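Reader: I should like a close look at a single part of this model. Please take one site, describe its surroundings in detail, and set it in the context of the chain.

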Amino acid sequence: MNSAMTQLAAPSGLISLVLFVVAVAVLGLLAGGFWITCRIKDSEPPRPSADEQPHLPPEGATREVQENREPDEIPRTPKGGRALLPYELTNMGTKTSENKDRPRWSRGSSGSFGGGGLGAH
């Protein structure tokens, strides 16, 4: 019985040594990562001073412009004419709408599909 106990206890010293080596290796990796990070930060340009920070323009803060936009329409092809090719179209974006009424959602609606609102009643 005694020899069985000594056989079980013998590898525990080896396990302790392996765990110690692994712990030292992890600490070495952490220290190396810290050292590399410090070297990278030292090579970066310094942070801008307070005088180099952006300032408001003399006229003050810019204001938000709210307007309704509507899509530009593709020009109609006259009868007997040929259709425009994609490279002949301009940059089809949007234009300012003549309608100044802002669109509103239905009362009780969240305005989005699945937005969690109660929905229109």
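Author: In this predicted model, helix 1 has the highest mean pLDDT among the elements of the protein chain, at 84, and strand 2 the lowest, at 81. The average pLDDT over the protein chain is 79, and 74% of the residues score at least 70. Where pLDDT is low, the predicted coordinates should not be read in detail.

The protein chain contains one helix and two strands, arranged α-β-β from the N terminus on. The site chosen here is Ser97, which is placed in the segment after strand 2 (94-96). Is Ser97 buried or exposed? Its relative accessibility is 8%, under the 20% limit, and Ser97 therefore counts as buried. For context, 2% of the 121 residues of the protein chain count as buried.

Apart from neighbours within four places in sequence, the contacts of Ser97 are Asn68, Arg69 and Glu70. With Glu70 there is also a polar contact between the two side chains, at 3.3 Å.

Glu70 takes part in a further interaction: its side chain meets that of Lys95 in a salt bridge, with an N to O distance of 3.9 Å. Because Glu70 lies in strand 1 (residues 69-71) and Lys95 in strand 2, this pair ties together parts that are 25 residues apart in sequence. Both partners are partly exposed, Glu70 at 30% relative accessibility and Lys95 at 37%.

Arg69, another contact of Ser97, forms a salt bridge with Glu67 through their side chains (3.1 Å, N to O). Arg69 is partly exposed, with a relative accessible area of 43%, and Glu67 is likewise partly exposed, at 41%.

The count of salt bridges comes to three. One of them joins Arg82 and Glu88, whose closest N and O atoms are 2.6 Å apart. Here Arg82 is exposed, with a relative accessible area of 55%, whereas Glu88 is partly exposed at 30%. Side chains of opposite charge can pair when their charged atoms come close.

The surface of the helix offers a contrast to the buried serine. Leu27, in helix 1 (residues 2-43), has a relative accessibility of 56% and so counts as exposed. Leu27 belongs to a nonpolar surface patch whose members include Leu14, Phe20, Val24 and Leu30, and the whole patch has about 970 Å² of accessible area. The protein chain exposes about 11900 Å², of which carbon and sulfur atoms supply 61%.

Notes:
Residues are numbered from 1 along each chain as its sequence is written. This is a predicted model: local features need pLDDT of at least 70, side-chain atom pairs count only at pLDDT 80 or more; totals for chains, interfaces and linings use all residues. Side-chain values use heavy atoms; hydrogens and water are left out. Helices (H or I, at least four residues) and strands (E, at least two) are DSSP runs, numbered from the N terminus. Buried means under 20% relative accessible area, exposed over 50%, partly exposed in between (1.4 Å probe, protein chains only). A polar contact is a pair of N or O atoms within 3.5 Å; within protein, one must be able to donate a hydrogen and the other to accept it, and residues adjacent in sequence count only if both atoms are side-chain atoms. Contact means heavy atoms within 4.5 Å. Accessible areas come from the Shrake-Rupley method with a 1.4 Å probe; for residues, only the protein chains shown count as cover. Patches are made of residues with over 30% relative accessible area and no salt bridge: like charges are joined within 9 Å, nonpolar side chains (Val, Leu, Ile, Met, Phe, Trp, Tyr) within 5 Å. A salt bridge is a side-chain nitrogen of Lys or Arg within 4 Å of a carboxyl oxygen of Asp or Glu. pLDDT is the predictor's confidence in each residue, from 0 to 100.
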